[in-house]
Every structure is written in structure tokens, then in C-alpha cells.
Amino acid sequence: MDRETRLKRLRFRAWHRGTKEADLLIGGFFDARSAAWDDAEITLVEELLEEQDVDIMAWAIGTDTCPERYRGSILEALQALNYVPIAE
């Protein structure tokens, strides 16, 4: 599958998680960061999105320890939480 198709599928999965909170967190993260990902990072995010939303959210906000395989630039960017729009 080509890069564009992978990213389109991944974007849909990122924005259709099941709860509004997870959609905003994971979908917002995808929209803000995905353009810069290389193929290995895309693969890692594909694997990450197989995890449960509550786990991903806990890793992002630091209330649970993230598995070693997800640690690195992707998790650090997810933990930054500067990509979620907040209405003022």
C-alpha cells in the first residue's frame, strides 16, 4: 500500500476512536504530526492505534507507564498535548 493510502486509512482510524475525547487527542495528534512521519513512524502509529483508547490516553497524559516499544519521538509528541484545539 502506498504512503498516501496508509495515511488516509490511519487518519480515519485516528479520528474514529469511539469517544470524543479520544478522537480529539489522537485525531488532533495525527493531523498535527503525520506529515513529518517516515515509514517506520507510520508503522509504529498503526500499531499504537491497535491499542485501547484508555491505554493510549493514559500514556499520553502520563498516568500509566507506556510499553517500551512505543517510547520515543512518537510518544513524546503525543505527550506534548499542544495540538488539541481549545475554545477560548
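What pattern does the chain follow when it is read along the sequence? Read in that way, this predicted model follows the pattern α-α-α-α-α.

**Figure 1. The whole chain, with 5 helices and 0 strands.** Helices (H or I, at least four residues) and strands (E, at least two) are DSSP runs, numbered from the N terminus. The radius of gyration, which is taken over C-alpha atoms, is 12 Å, close to the 12 Å that the globule rule (2.2 Å times the number of residues to the power 0.38) gives for 88 residues, so the chain is as compact as a globular protein of that length. Along its principal axes, the C-alpha trace spans about 35 × 35 × 20 Å. Buried residues, meaning those under 20% relative accessible area (exposed is over 50%, partly exposed in between; 1.4 Å probe, protein chains only), make up 36% of the 88 residues.

**Figure 2. The packing of helix α4 against helix α5.** Two packed helices are described by the angle between their axes and the distance between the axes. Here α4 (residues 53-61) and α5 (residues 73-80) pack at an angle of about 80 degrees, with their axes 7 Å apart, which makes α4 roughly perpendicular to α5 (angles of 65 to 115 degrees count as such, under 35 as roughly parallel, over 145 as roughly antiparallel and the rest as oblique). Ile56, Trp59 and Ala60 of α4 make the contact (heavy atoms within 4.5 Å) with Leu75, Leu78 and Gln79 of α5.

**Figure 3. The buried residues of helix α4.** These residues are Asp53, Ile56, Ala58, Trp59 and Ala60, and what covers them includes α2, α3 (39-48) and α5. Just after α4, Gly62 takes a positive phi of about 80 degrees.

**Figure 4. The surroundings of Arg17, in the loop between α1 (3-15) and α2 (20-33).** Is Arg17 buried or exposed? Arg17 is buried, with a relative accessible area of 17%, whereas Lys20, in helix α2, is exposed, with a value of 57%. The side chain of Arg17 reaches the backbone oxygen of Glu51 at 3.2 Å, and it makes a polar contact with the side chain of Asp53 (2.6 Å); a polar contact is a pair of N or O atoms within 3.5 Å, where, within protein, one must be able to donate a hydrogen and the other to accept it, and residues adjacent in sequence count only if both atoms are side-chain atoms.

**Notes on the model.** Residues are numbered from 1 along each chain as its sequence is written, and side-chain values use heavy atoms, with hydrogens and water left out. In this predicted model, local features need pLDDT of at least 70 and side-chain atom pairs count only at pLDDT 80 or more, while totals for chains, interfaces and linings use all residues.

Terms used: Axes are lines fitted to C-alpha atoms, for helices over the stretch in contact, and angles run from 0 to 180 degrees between N-to-C directions.
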